[in-house]
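Q: Could you walk me through this structure and take my questions as they come up?

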Amino acid sequence: MGNESLVGPEAKRMIGAETPLGGPLEIEKGAVLRLGQSTQDKSPLYTDEEFAKKSKHGKLLVPVTFLDYNVPSGDEREITWKVPLPVKNRVRGKDEIELFHPIYVGDTIRARSKVLDVYEKEGKDAKLVFIIGETEYINQHDVVVMKHRITSIRR
Amino acid sequence: MTTKQVYYEDVMVDMELPGITYGPVTTEMMVRFSAARNNFHPIHYDKDVARAEGHPDVLVQGPLKLALFDRLMREWIGEEGVLKKISATYRGIDLPGNTLYIKGKILSKNIEKDKGTIYCELWAENETGKTTTKGNAVVVLPCKLNNG
């Protein structure tokens, strides 16, 4: 690998790029239950409708990992994957989630994502490119319910 | 599953959280997680793609470990607890056949704006003892004082 930067001007220009607010996704109970089954989650607020109805929430909650690929414009393929780079191999480096309001089964969620930063670092064997993206999720009452920042690493 | 509600006053710094064991992980478990999230990156189910990228096998999804961190926290905080922040940093890979041990402990606790706020450290180890993922969570727990 030479000394030339992997992050060219076209990649740098994508810092600040943002998707439009994506089409809504109504969160369906069966889809959430399938996610819970895959992680063997038995939390009753997420899996037991009768329990959730009697709780302070009154309805089933949605785990934070349900949203990103399921909600249009939350999908990182729609923005951070479009940063033009000469390296293709990609791994997830970090997830950071902040919750502002509970997310419920039956909510209608929209999302928009933006590129916060693109930079490179010297790795053990090669240069690595870090792409930081952030997605904001908004419910049917126009309340921002969650922000999700993803660091992906290309090499 | 219902658990006894944990209160802010019950929590001590350095206290360990009840852990989760997940696995041995199978490709079927990973594909179920991918399908539920609508993420079909082949590195999680196609061994040829994973090998072409220099990995010995398909990779356990990083967000699966985040989901297990989330599960651990939610099972612990109970019905009255509120998850405010959660994160995962992926430092190593896990493969089918690995068993994941999801663990956590209390870093600090404070009353912030009349709320009992707890800061936690989280990590995922596999059966070799290697820590492949580290994370943090911030939760708010009910206070006994406010609950009569």
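Q: Among contacts in chain A between residues at least 6 apart in sequence, what percentage join residues at least 24 apart?
A: The share is 74%, where two residues are in contact if their C-beta atoms, placed from the backbone, lie within 7 Å. This is a predicted model, in which local features need pLDDT of at least 70 and side-chain atom pairs count only at pLDDT 80 or more, while totals for chains, interfaces and linings use all residues. Residues are numbered from 1 along each chain as its sequence is written, and chains are lettered from A and ligands numbered from 1 in the order in which they are written.

Q: What's the pattern of helices and strands along chain A?
A: Read along the sequence, the pattern is α-β-α-α-α-α-β-β-β-β, with 5 helices and 5 strands in chain A; helices (H or I, at least four residues) and strands (E, at least two) are DSSP runs, numbered from the N terminus.

Q: And how many residues of each chain touch the other?
A: On chain A there are 27 residues in contact with 29 residues of chain B. Strand 2 of chain A gives the largest share of chain A's side, 8 residues. By class that side has 9 nonpolar, 10 polar and 8 charged residues, counting Ala, Val, Leu, Ile, Met, Phe, Trp, Tyr, Cys and Pro as nonpolar, Asp, Glu, Lys and Arg as charged, and the others, Gly among them, as polar.

Q: In what order do the strands sit in the sheet?
A: The 10 strands form an open sheet in the order 1(A)-3(A)-4(A)-5(A)-2(A)-2(B)-5(B)-4(B)-3(B)-1(B), with antiparallel pairing, where two strands pair if DSSP finds at least two bridges between them. The edge strands, each pairing on one side only, are strand 1 (25-26) of chain A and strand 1 (20-22) of chain B.

Q: How many bridges join strand 2 of chain A to strand 2 of chain B?
A: There are 5, and the two strands run antiparallel; A:Glu96, for instance, has B:Ser87 as its bridge partner in strand 2 of chain B.

Q: Switching to the rest of chain B, which residue stands opposite B:Trp123?
A: That is B:Lys134, in strand 5 of chain B, and strand 5 is joined to strand 4 of chain B by 10 bridges. Strand 4 of chain B also pairs with strand 3 of chain B over 12 bridges, in the antiparallel sense, and the hairpin of strands 3 and 4 has 2 residues between the strands, with B:Lys113 taking a positive phi near 50 degrees.

Q: Is helix 3 of chain B mostly covered or mostly open?
A: Mostly covered, since 15 of its 16 residues are buried, a residue being buried if 20 or more other C-beta atoms, placed from the backbone, lie within 10 Å of its own. Its end C-alpha atoms are 23 Å apart, which agrees with the 22 Å expected at 1.5 Å a residue, the expected span being 1.5 Å times one less than the number of residues. Just after helix 3 of chain B, B:Gly78 takes a positive phi of about 70 degrees.

Q: One last residue: why does A:Ser38 count as buried?
A: A:Ser38, which is found in helix 2 of chain A, counts as buried because 21 other C-beta atoms lie within 10 Å. Leaving aside neighbours within four places in sequence, A:Ser38 is in contact with B:Met29, B:Arg32, B:Phe33 and B:Ala36.

Terms used. A residue is buried if 20 or more other C-beta atoms lie within 10 Å of its own, exposed if 12 or fewer, and partly exposed in between; C-beta atoms are placed from the backbone.
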